[in-house]
Amino acid sequence: MQNKTIIISGINMKEGGIFTIMDNCLQKISEYSVKNNLKVIALVNDKSKFNYPNIEYIEFPKAKKSWLLRLYYEYFYFNKLSKELNPDVWFSLHDVTPNVVSKKQFVYFHHPTIFYKSSFKDWKFDYKIGIFSILYQYLTQFNLKKNHTVFVQQNWIKKEFEQLYNIQNIKVCNPEYTEEITSEKIDLESNKTHFFYPSFPRTFKNFELIFEAISLLDNTIKSKVKLHFTTIKDNPHRFAKYLYNKHKTMPEVDFKGWISRDEVLKLYNSVDCIVFPSKLETWGLPLSEAKAFNKPILAANLPYAKETVGNYDKVSFFDTEKPKELAQLITDFVNNTIHYQGNNDTFDKNDQLNDWNTIFDFILKE
């Protein structure tokens with residue numbers, strides 16, 4: 001493996017979970033490149049956010065401002081750029097397959113909206129979700145078969161891809177999760193049972209199922225529970241304001257604003273149970289974090305949740321359309337009569353690539 005050039009492309013990966021993917025990838029390949037005599041060129045939105053050595057950064061600050069610009073870069077400008085840079089590998093980290101010239105090409109897919117049927121609520125509060133659910137199906141398909149391999153985060157996505165696009169060159173790459181815990185706690189009401197849903201207020205995150213479940217609780221149980229939510233209070237996002245204004249007077253609810261990562265970890269360590277009703281995830285990181293803290297979990301009865309939870313005894317699942325099921329689980333938990341369903345990991349992981357270095361070895365092999 002001598003003097004190979006790899007392009008890592010992530011020009012719209014500016015914030016949130018997708019930024020974390022880009023950041024982790026560049027951190028790892030910065031170290032990997034020294035040992036493997038590799039030239040790395042990263043196409044990024046804002047190079048000031050990265051300070052990893054051994055990487056040449058090319059900045060595209062306008063890519064996030066307009067979808068037309070994004071499409072121009074992916075399907076026209078990158079073709080010209082690839083001819084100039086002459087890479088051995090072009091690795092696109094953000095779902096779509098650009099029109100480039102490269103010895104080998106790979107795409108990392110992590111946008112699950114192509115498998116999501118958007119509702120009126122999605123269009124009302126966050127129209128981009130509705131657009132993505134339609135547009136991404138076609139953008140994902142475009143140039144898809146040019147890739148040597150398509151990387152996805154879970155087995156259920158692999159199966160969906162195989163059926164939807166009739167391809168077989170798919171590899172499952174679970175996110176490289178570094179366990180992060182704390183022994184510190186925050187003071188919570190000692191006479192309450194505390195539940196926590198750590199998530200940003202997107203419509204598909206299914207917050208309202210929790211509020212509906214609370215309304216179904218017996219008054220005795222209501223007086224004993226507190227549901228904690230982050231990033232809703234003082235959030236200008238339209239759906240966040242809707243949730244806050246509609247439910248802020250509920251005594252069972254604690255709406256927090258943006259809190260530090262340290263505070264989030266302390267909250268994990270302080271609460272009694274994690275609730276995760278999201279309808280759409282490629283992974284569902286809070287489920288992994290809940291396991292790290294050995295917390296009981298009440299989760300959506302969906303493939304992503306079961307695959308993320310893996311082997312775990314203290315978990316039960318509920319239908320994402322049936323608040324009565326969640327209300328019953330909350331009641332059983334508060335009364336200490338819950339019988340966990342538990343979960344077993346049934347997937348064959350022998351063919352999976354479960355860390356960045358293994359992925360780099362795979363894409364750079366002759």
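## Close-up views of a predicted model

**View 1. Strand β5 and its two partners.** Four bridges tie strand β4 (residues 89–92) to β5, and the two strands run parallel. Everything in this legend and the ones below comes from a predicted model. Within the β4–β5 pairing, look for S92, which sits opposite V107 of β5. Turn to β6 (residues 149–152) and you find another parallel pairing with β5, again spelled out by four bridges. Here Y108 has F151 of β6 as its bridge partner. So how many of the six residues of β5 (residues 104–109) are buried? Six of the six are, so the strand is largely enclosed by the rest of the structure. The side chains split into two sets: K104, F106 and Y108 point one way, while Q105, V107 and F109 point the other way, and all are buried. That puts both V107, the residue opposite S92, and Y108, the partner of F151, on the list of buried residues.

**View 2. The seven-stranded sheet around β5.** Zoom out a little and β5 turns out to belong to an open sheet of seven strands, with parallel pairing and the order β3-β2-β1-β4-β5-β6-β7. Which strands are at the edges? They are β3 (55–59) and β7 (170–172), and each of them pairs on one side only. Direction ignored, neighbouring strands in this sheet are turned by 20 degrees against each other on average. At the β3 end, strand β2 (residues 38–44) runs parallel to β3 and is joined to it by five bridges. One pair to pick out there is V44 with its bridge partner E59 in β3.

**View 3. The six-stranded sheet.** A further open sheet has six strands, ordered β10-β9-β8-β11-β12-β13, with parallel pairing. The edges belong to β10 (253–255) and β13 (315–318); each has a single partner strand, so one side of each is left without a neighbour in the sheet. The average turn between neighbouring strands in this sheet is 25 degrees, direction ignored. For β10, the link to β9 consists of three bridges between parallel strands, and L227 has V253 of β10 as its bridge partner.

**View 4. A closer look at β8.** Strand β8 is mostly covered, with five of its five residues buried. T193, F195 and Y197 point one way and H194 and F196 the other way, all of them buried. Five bridges join β8 to β9, and the strands run parallel; in that pairing, H194 has K226 of β9 as its bridge partner. Strand β11 (residues 273–276) also runs parallel to β8, joined by two bridges. There, F196 stands opposite I274.

**View 5. Two loop residues with positive phi.** Non-glycine residues with positive phi are worth a look, and this view has a pair of them. N206 has phi near 65 degrees, a positive value in a residue other than glycine. N206 lies in the loop between β8 (193–197) and α6 (207–216). Is N206 buried or exposed? Its relative accessible area is 6%, so N206 counts as buried. T231 is the other one: its phi is positive, about 65 degrees, although T231 is not a glycine. You will find T231 in the loop between β9 (225–229) and α8 (238–247). T231 is buried too, with a relative accessible area of 10%.

**View 6. N336 and the helix that follows its loop.** N336 is found in the loop between α12 (323–334) and α13. With 69% relative accessibility, N336 counts as exposed. Its C-alpha is 13 Å from that of V225, though the two residues are 111 apart in sequence. At the start of α13, a side-chain oxygen of D355 comes within 3.1 Å of the backbone nitrogen of N357. Along α13 (residues 356–364), the buried residues are W356, I359, F360, F362, I363 and L364.

**View 7. The second largest pocket.** This pocket has a volume of about 290 Å³. Of its 19 lining residues, W283, S288, K291, T308 and K349 are the closest to its centre. The elements giving two or more residues to the lining are α10 (285–292) and α11 (303–309). What does the lining of the second largest pocket have by class? The answer is six nonpolar, eight polar and five charged residues.

Notes
Residues numbered from 1 in each chain as written. Predicted model: local features only at pLDDT ≥ 70, side-chain atom pairs only at ≥ 80, totals over all residues. Heavy atoms only, no water. 1 Å grid on protein atoms, 1.4 Å probe; cavity = no way out; pocket = protein on both sides within 12 Å on 5 of 7 lines; lining within 4 Å. Points joined across faces, edges and corners; volume = space filled by probe spheres on them. Nonpolar A, V, L, I, M, F, W, Y, C, P; charged D, E, K, R; others polar. Buried < 20%, exposed > 50% of the residue type's maximum accessible area, 1.4 Å probe, protein only. Polar contact = N/O pair within 3.5 Å; in protein donor to acceptor, adjacent residues only side chain to side chain. Pairing = 2+ DSSP bridges. Axes fitted to C-alpha atoms, helices over the stretch in contact; angles between N-to-C directions.
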